[in-house]
Amino acid sequence: MDLTLHDNVVQELMWTWDALRNSTCCQAVVVVFRCRCLLQAGLAAESPNDEGEPLAVDPFKLVEGSLCQMVWASRKQSYFANLSLYPGRVELMFLPPNTQAVILQPLGDEGIMIVAGDTIRGFGSTDQVWIASIGEKLDTTLGKCILTNNAANIL
């Protein structure tokens, strides 16, 4: 969690994580907005450099990747029900190694929410709609923020 964020944004991100892990097969969630990783919650891959430490998301590399670009171009959620079948999975190496399904939810034109599950086809149609709604809510909250290197201020 980015600790420089305004309390309202932190609460919204924590609500997002709690809602997803308690109502879906979600085991990890990542929120990147304006090339800044605001949230990496749940399980993560292990860093090759620091034994036992989680592998951090590189937001610049993520947003330049084909998966993120595809989601932004379509302006629609993308669901990879069986992640092992997609060559683009290498762009998501920060997710836990047992990740089976992933939803990429655009947050407007400036962000993305990645929701990872440990079950093939683990997110049903209701889950997908719920995640899209959470994404819209999160996009609205984040869109009201001015993010600088040091702080986030609510307008």
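A residue counts as buried when its relative accessible area is under 20%, as exposed when that area is over 50%, and as partly exposed in between. The legends below apply these classes to a predicted model.

**Figure 1. Cysteines C68 and C37 in a structure with zero disulfides.** With a relative accessibility of 1%, C68 is buried, because this value is under the 20% limit. C37, by contrast, has a relative accessible area of 22% and is therefore partly exposed. The cysteine sulfur closest to that of C37 belongs to C35 and lies 11 Å away, which is too far for a bond. C68 likewise takes part in no disulfide. For C68, the nearest cysteine sulfur is that of C35, at 8.3 Å. A disulfide would require two cysteine sulfur atoms within 2.5 Å.

**Figure 2. The aromatic pair of W15 and W130, one of three aromatic pairs found in a search of the whole structure.** The rings of W15 and W130 are arranged edge-to-face, with a centre-to-centre distance of 6.1 Å and an angle of 75° between the planes. The pair joins distant parts of the chain: W15 belongs to helix 1 (residues 7-23) and W130 to helix 4 (residues 125-143), with their positions 115 residues apart in numbering. W15 is partly exposed at 35% relative accessibility, and W130 is partly exposed at 34%. A charged side chain also appears in this view: K137 lies over the face of W15, at 4.9 Å from the ring centre.

**Figure 3. The aromatic pair of Y79 and F123.** The rings of Y79 and F123 are edge-to-face, at 6.1 Å from centre to centre and with 75° between the planes. This pair, too, links distant parts of the chain, since its members are 44 residues apart. Y79 is located in strand 3 (residues 78-80), whereas F123 is in the loop between strand 5 (111-117) and helix 4. The relative accessible area of Y79 is 21%, so Y79 is classed as partly exposed. F123 is buried, with a relative accessible area of 2%.

**Figure 4. The open sheet of five strands.** The strands follow the order 2-1-5-4-3, and their pairing is antiparallel. Strand 2 and strand 3 are the edge strands, each pairing on one side only. On average, neighbouring strands of the sheet are turned by 10° against each other when direction is ignored. At one edge, strand 3 pairs with strand 4 in the antiparallel sense over three bridges. F80 has V102, in strand 4, as its bridge partner.

**Figure 5. The largest nonpolar core, of 25 residues, and another core apart from it.** Within the largest core, the residues that touch the most other members are L13, L20, V29, V31, M113, V115 and L142. At least two residues of this core come from each of helix 1, strand 1 (26-33), strand 2 (36-42), strand 4 (101-107), strand 5 and helix 4. Helix 1 makes the greatest contribution, giving five residues. The other core consists of 20 residues, including V57, L67, F94 and L95.

Terms used:
Residues are numbered from 1 along each chain as its sequence is written. This is a predicted model: local features need pLDDT of at least 70, side-chain atom pairs count only at pLDDT 80 or more; totals for chains, interfaces and linings use all residues. Side-chain values use heavy atoms; hydrogens and water are left out. Rings of Phe, Tyr and Trp (its six-membered ring) pair if their centres lie within 6.5 Å; planes under 30 degrees apart count as stacked, over 60 as edge-to-face and the rest as tilted. Helices (H or I, at least four residues) and strands (E, at least two) are DSSP runs, numbered from the N terminus. Buried means under 20% relative accessible area, exposed over 50%, partly exposed in between (1.4 Å probe, protein chains only). A charge sits over a ring if NZ of Lys or CZ of Arg is within 6 Å of the ring centre and within 35 degrees of the ring normal. A nonpolar core is a set of buried Ala, Val, Leu, Ile, Met, Phe, Trp, Tyr and Cys residues joined through side-chain atoms within 4.5 Å. Two strands pair if DSSP finds at least two bridges between them. Axes are lines fitted to C-alpha atoms, for helices over the stretch in contact, and angles run from 0 to 180 degrees between N-to-C directions.
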